[in-house]
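Work through these exercises with the sequence and the 3D view side by side. Try each task before you read its solution.

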Amino acid sequence: MAAPAADEAWCRKTVPRVMELVCRRLPQRDACALLAVSPWCYRALVANSRLWEVLDLREMKNAGNRLISALSLARYRHLKVLNLEFAQDIEDRYFVHLKEMSGISLENLEFLNLNACQKISDKGIEAVTSLCPNLQRLAIYWIVGLTDSSIGHITKNCKHLVHLNLSGCKNIKDKGMQLIANNYQGLKRLNITRCVKLTDDGLNQVLLKCSSLESLNLYALSSFTDSVYREIGSLSNLTFLDLCGAQNLTDDGLACISRCGRLTYLNLSWCVRVTDTGIVAIALGCRALELLSLFGIVGVTDACLEALSKSCSSSLTTLDVNGCIGIKRRSRDDLLKLFPSLSCFKVHS
């Protein structure tokens, strides 16, 4: 009888403890599978609240019903991260149902990822954000049908946002930007890639009032003018700036941006009006640059590389001058003489 008793003790105490340790390094879906190993494992894993702070339904089928079922379980009451990115079958009705269910609260939720959940409308955003009063990060990438009404619901229900990804939300307008500016002075990250209905007026409100911004993504927005780019220069904490396709950016605007001395990432691809003058200003002001893309800028020459090599040679690890026909071709060894820290570079062939 000693052997069976020892086996039972092993199953009751050792196996659950081992499973608990292993689960910290496993994807949540694998951790859920371990619940069925034994009653002892189930009790041990369910009792560990840290294992159930994340609910990952990314790319899953029948995600709406799975969401309802999961949030009905007590173990998800302290959920901090909910990932529904590319989840199938997510619609407004599931969020409305959650709002109407008694005992459902997402007051501990810090990050909500709804990227590419195309069936969600302003109504769904209103319902889900009403459950998340302490949300800090929200990603609603490429939900084209959302309007400024969604921004109104978000700013009303979620007072503590510091990261907001609106990339691809093509119906967001200046009114939405004004709501963000008036409610999120502490905003750290903003992505408005391809929010093509925005004008200088809307973004300027954000730049004037959200002075704590550290990351700003303006990729594929060609209508802004130097009025906006000059205001970017006032963002003293900015480290990430993507201006790819900023066709109206001039050297004057870039000179103002050069005041952002903490910049480590700067994408100027297809900023076709920029010349050596603007890049030299960046070299002098942004000495911590780690990545710089000048892809497709025909107005820059070797002069800007020389300026960068004097100011940023110790920090620059990624440099893209592909399509810069004014910059002569160089071998890897020649580039490393200018930029010893360079690990990734693209030059025109």
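**Exercise 1. Find the share of buried residues in the protein chain.**

Solution. The model is predicted. Start with the cut-off: a residue is buried when its relative accessible area is under 20%. Apply that to the 349 residues of the protein chain, and 48% of them are buried. Next, turn to the surface. The chain has an accessible surface of about 16100 Å². Carbon and sulfur atoms hold 51% of that surface.

**Exercise 2. Describe the secondary structure and the contacts of the protein chain.**

Solution. Begin with the elements: the protein chain has 14 helices and 12 strands. Then take the contacts between residues at least 6 apart in sequence. Of these, 76% join residues at least 24 apart.

**Exercise 3. Locate Asp-89, then classify its backbone and its exposure.**

Solution. First, the place. Asp-89 sits in the loop that runs between strand 2 (81-83) and helix 5 (92-100). Second, the backbone. Its phi is near 70 degrees, which is positive although the residue is not glycine. Most residues other than glycine have a negative phi. Third, exposure. Partly exposed lies between the 20% and 50% cut-offs. Asp-89 has 31% relative accessibility, so it is partly exposed.

**Exercise 4. Do the same for Trp-142.**

Solution. Trp-142 belongs to the loop between strand 4 (137-139) and helix 7 (148-157). Now read phi: for Trp-142 it is near 55 degrees, a positive value in a non-glycine residue. Finish with exposure. The relative accessible area of Trp-142 is 27%, so this residue counts as partly exposed.

Note on methods
Residues are numbered from 1 along each chain as its sequence is written. This is a predicted model: local features need pLDDT of at least 70, side-chain atom pairs count only at pLDDT 80 or more; totals for chains, interfaces and linings use all residues. Side-chain values use heavy atoms; hydrogens and water are left out. Helices (H or I, at least four residues) and strands (E, at least two) are DSSP runs, numbered from the N terminus. Buried means under 20% relative accessible area, exposed over 50%, partly exposed in between (1.4 Å probe, protein chains only). Contact means heavy atoms within 4.5 Å. Accessible areas come from the Shrake-Rupley method with a 1.4 Å probe; for residues, only the protein chains shown count as cover.
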